[in-house]
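Here's an informal walk through one protein model, written for someone at the bench. Have a look at the sequence and the structure, then read on.

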Amino acid sequence: MIAIVTLIGAAGINAFERELPNGTGGINDYGTVLWLTGMLMSTIGSDYFPKTPQGRVLCFLLALCAIAYAVI
């Protein structure tokens with residue numbers, strides 16, 4: 001379940017963040033987003049945090065999901 005949430009969350013962040021002009025987003029491909037989302041889900045931290053409001057909300061929800069999964 002958590003793997004599916006991570007894959008879908010990474011796709012969502014990729015969709016929101018790739019709309020930024022080149023050089024300002026820091027994300028170039030889905031592999032990079034997947035890595036950063038995996039780091040967020042496993043350590044609640046990453047080198048990159050989304051810059052768009054939608055990406056930030058999704059990032060927050062993914063962090064909550066990871067914490068909830070750890071508690072269960």
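Start with the outward side of helix H2: away from its buried side, Trp35 and Ser42 are exposed. Bear in mind throughout that this is a predicted model.

**The other side of H2**

Which residues of H2 are buried? They are Val33, Leu36, Thr37, Leu40 and Met41. These residues cover an arc of only 135 degrees around the axis, so they sit on the same side of H2. That pattern has a simple background: an α-helix has 3.6 residues a turn, so residues three or four places apart point the same way. As for partners, the buried residues of H2 pack against H1 and H3. Just past the end of H2 comes Ile44, which has a positive phi of about 55 degrees.

**The overall layout**

Stepping back, the protein chain has 3 helices and 0 strands, and its elements read α-α-α starting at the N terminus. Of the 72 residues in the chain, 32% are buried. Take the contacts in the chain with a separation of 6 or more: 57% of them come from residues 24 or more positions apart. The chain exposes about 4700 Å², and 68% of that is supplied by carbon and sulfur atoms.

**Helix H3**

Now for helix H3, which covers residues 53-71. Buried here are Gly55, Leu58, Cys59, Leu62, Ala63 and Ala66. Looking down the axis of H3, you'd find these buried residues within an arc of 140 degrees, so they line one face of the helix. What covers them includes helix H1 (2-17) and helix H2 (30-43). Turned away from that buried side is a face with the exposed residues Pro53, Arg56, Phe60 and Val71.

Do the lengths of H2 and H3 fall in line with what you'd expect, or out of line? For both helices, the end-to-end C-alpha distance agrees with the span expected at 1.5 Å a residue.

| Helix | Residues in helix | Expected span | Distance between end C-alpha atoms |
|---|---|---|---|
| H2 | 14 residues | 20 Å | 20 Å |
| H3 | 19 residues | 27 Å | 27 Å |

H3 also includes Leu64, which counts as partly exposed because its relative accessibility is 41%. Leu64 links back to the residue just after H2: its C-alpha atom is 9.2 Å from that of Ile44, although the two are 20 residues apart along the chain.

**The cysteines**

How many disulfides does the structure hold? The count is 0. Cys59 is buried, since its relative accessible area is 10%. Cys65, with 26% relative accessibility, counts as partly exposed. The cut-off behind those two labels is 20%: buried means under that value.

**Thr52 and the loops**

Thr52 is in the loop between H2 and H3. Is Thr52 buried or exposed? With 9% relative accessibility, Thr52 counts as buried. Its side chain makes a polar contact of 2.6 Å with the side chain of Glu17. If you skip residues up to four places away in sequence, Thr52 touches Phe16, Glu17 and Leu20.

Over in the loop between H1 and H2 you'll find Glu19. Unlike Thr52, which is buried, Glu19 counts as exposed, at 67% relative accessibility. Glu19 and Thr52 are 33 residues apart in sequence, yet their C-alpha atoms are 9.1 Å apart in space.

**Thr6 in H1**

Last stop is Thr6, in helix H1. Thr6 counts as buried because its relative accessibility is 12%. Its side chain reaches the backbone oxygen of Ile2 at 2.8 Å. Which residues does Thr6 contact once its neighbours within four places in sequence are left aside? They are Leu34, Thr37, Gly38 and Met41. Two of these names should ring a bell: Thr37 and Met41 are also among the buried residues of H2.

Technical notes: Residues are numbered from 1 along each chain as its sequence is written. This is a predicted model: local features need pLDDT of at least 70, side-chain atom pairs count only at pLDDT 80 or more; totals for chains, interfaces and linings use all residues. Side-chain values use heavy atoms; hydrogens and water are left out. A disulfide is a pair of cysteine sulfur atoms within 2.5 Å. Buried means under 20% relative accessible area, exposed over 50%, partly exposed in between (1.4 Å probe, protein chains only). Helices (H or I, at least four residues) and strands (E, at least two) are DSSP runs, numbered from the N terminus. The expected span of a helix is 1.5 Å times one less than its number of residues. The arc is that of the directions from the helix axis to the C-beta atoms. Contact means heavy atoms within 4.5 Å. A polar contact is a pair of N or O atoms within 3.5 Å; within protein, one must be able to donate a hydrogen and the other to accept it, and residues adjacent in sequence count only if both atoms are side-chain atoms. Accessible areas come from the Shrake-Rupley method with a 1.4 Å probe; for residues, only the protein chains shown count as cover.
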